[in-house]
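Here is a short briefing on the structure shown below. Please read it with the coordinates open.

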Amino acid sequence: MADLRTLHDAILEGNAKQAAALTQEALAEGLAPLDIIQQAMVPAMDEVGRRFECEEYFVPELLLSARAMKAALEPVRPLLVASGMQPVGRVVIGTVKGDLHDIGKNLVAALLEGGGFEVIDLGADVPAQKFVDAVQSSGAGIVALSALLTVTMPSMKSTIEALDHAGVRSRVKVIVGGAPVTQQFADQIGADGYSENATAAVALARRLSQPA
Ligand code: B1M
């Protein structure tokens, strides 16, 4: 039987090969992709963060665990992404300038794709102008911003300001998320929505895509 505890520990220990193999095993046994993510992968990364905070882990361990998390997500990703559907909307997504954390953003992007959105993923450490350019060239209706550092949260505000200055703010709904981000912060910077996790981000994007 699939052992989610061992998968959790493989990510925690930064064992990418084992993490990918255990995920394959769990999928082959019929476990739901989202259950694997929520019951093993996300808690493992939370524990990595806790260990980093109390100086049991340092940046090299963070990197190894991040690599293992990405390897584990690899076989899950295609299953989250639906195929052959008419897109319900187009989303430009990225982690804001100064911030290299992309695991959560990748998860949000994969679930949005799975939810029928066409996703233009700009990656991590994305300057505000790149969001503006992508909105202008793609005609996307939603911009999704991710930030994991308190020091990069202001980049969300400057991205919204850049969209405003470029005259495209009224054409898009801006949604924000990431561990330090809150509804209150979203309101403060004039975002159109906030979601706590990837599944809530899909529901939010759907809601904001409905004609008013
Ligand atoms: Co860093 N890191 N990190 N890190 N890292 C955190 C975020 C931290 C909380 C760790 C800690 O101290 N406990 C801390 C931030 C403290 C703060 O600012 N409050 C921190 C720090 C300090 C740093 C460095 C400064 C460390 C250093 O160099 N001294 C440095 C900064 C580099 C930079 O970005 N400029 C750094 C570097 C790194 C690595 C590169 C080593 C690596 C990232 C690798 C990568 O992403 N490719 C890393 C990692 C792995 C983490 C932790 C351990 C895990 C993050 C993660 O992937 N979580 C993290 C601690 C933690 O979060 N517990 C930590 C799993 C992921 C699925 O969850 O990203 O939260 P998350 O995404 C969720 C939701 O937040 C939400 O949905 C996702 C899925 O449900 N969501 C959205 C995310 N984006 C959304 C967008 C939306 C909606 C929802 O749009 C609408």
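## Two domains, two cores, one metal site

The protein chain is divided into domain 1 (4-83) and domain 2 (90-209). The model is predicted. Between the C-alpha centres of domain 1 and domain 2 there are 24 Å.

**Domain contact**

- Twelve residues of domain 1 touch nine residues of domain 2.

**Nonpolar cores**

- In general, nonpolar side chains of soluble globular proteins tend to be buried together.
- The largest nonpolar core here holds 41 residues. Leu-7, Ile-11, Met-41 and Leu-112 have the most contacts inside it.
- Helix α6 supplies the largest share of this core, seven residues.
- Both domains feed this core: at least three residues come from each of domain 1 (4-83) and domain 2 (90-209).
- A second, separate core has 28 residues. Among them are Val-96, Val-132, Val-168 and Ile-189.
- Met-41, one of the residues with the most contacts inside the largest core, has a broad set of partners to inspect. Beyond its neighbours within four places in sequence, Met-41 is in contact with Ile-11, Thr-23, Ile-36, Met-69, Ala-72, Leu-73 and Val-76.

**Helix packing in domain 1**

- Two packed helices are described by the angle between their axes and the distance between the axes.
- Helix α4 (residues 59-73) packs against α3 at an angle of about 170°, and their axes are 10 Å apart. The two helices are therefore roughly antiparallel, as angles over 145 degrees count as such.
- On the α3 side, the contact is made by Ile-37, Met-41, Met-45, Val-48 and Phe-52. On the α4 side, it is made by Val-59, Leu-62, Ser-65, Ala-66, Met-69, Ala-72 and Leu-73.
- Helix α1 (residues 4-12) also meets α4: their axes come within 7 Å and cross at roughly 135°. That makes α1 oblique to α4.
- Leu-7, Ala-10, Ile-11 and Leu-12 of α1 make this contact with Ser-65, Ala-68, Met-69 and Ala-72 of α4.

**Ala-40 in helix α3**

- Ala-40 sits in helix α3 (residues 33-53). Its relative accessibility is 0%, so Ala-40 counts as buried.
- Not counting residues up to four places away in sequence, Ala-40 touches Leu-4, Leu-7, His-8 and Asp-35.
- Ala-40 and Ile-11 are 29 residues apart in sequence. From C-alpha to C-alpha, Ala-40 and Ile-11 are 8.8 Å apart in space.

**Val-96 and Thr-159**

- Val-96 is found in the loop between β1 (89-95) and α6 (103-114). Val-96 is buried, because its relative accessible area is 0%.
- Leaving aside residues up to four places away in sequence, Val-96 touches Asp-125, Val-126, Leu-145, Ser-146, Ala-147, Thr-152, Ser-155, Met-156 and Thr-159.
- Val-96 and Thr-150 are 54 residues apart along the chain, and 12 Å separates their C-alpha atoms.
- Thr-159 lies in helix α8 (residues 153-165). At 1% relative accessibility, Thr-159 counts as buried.
- Thr-159 touches Val-96, Ala-128, Phe-131 and Leu-145, again not counting residues up to four places away in sequence.

**Metal site**

- Which residue is the only protein donor of the cobalt atom of the ligand? His-101 fills that role through NE2, at 2.2 Å.
- His-101 is in the loop between β1 and α6.

**Positive phi outside glycine**

- Most residues other than glycine have a negative phi. Two residues here are worth a look.
- Glu-55 is not a glycine, yet it has a positive phi of about 60°. Glu-55 lies in the loop between α3 and α4. Its relative accessibility is 59%, so Glu-55 counts as exposed.
- Asp-125 is also a residue other than glycine with a positive phi, near 55°. Asp-125 is in the loop between β2 (117-121) and α7 (128-138). With a relative accessible area of 33%, Asp-125 is partly exposed.
- Asp-125 is also one of the residues touched by Val-96.

Terms used: Residues are numbered from 1 along each chain as its sequence is written. This is a predicted model: local features need pLDDT of at least 70, side-chain atom pairs count only at pLDDT 80 or more; totals for chains, interfaces and linings use all residues. Side-chain values use heavy atoms; hydrogens and water are left out. Helices (H or I, at least four residues) and strands (E, at least two) are DSSP runs, numbered from the N terminus. Buried means under 20% relative accessible area, exposed over 50%, partly exposed in between (1.4 Å probe, protein chains only). Contact means heavy atoms within 4.5 Å. Donors are N, O and S atoms within 2.8 Å of the metal (3.2 Å for Na, K and Ca); water is not among the atoms, so sites may look incomplete. A nonpolar core is a set of buried Ala, Val, Leu, Ile, Met, Phe, Trp, Tyr and Cys residues joined through side-chain atoms within 4.5 Å. Domain bounds come from an automatic or database domain assignment. Axes are lines fitted to C-alpha atoms, for helices over the stretch in contact, and angles run from 0 to 180 degrees between N-to-C directions. Angles under 35 degrees count as roughly parallel, over 145 as roughly antiparallel, 65 to 115 as roughly perpendicular and the rest as oblique.
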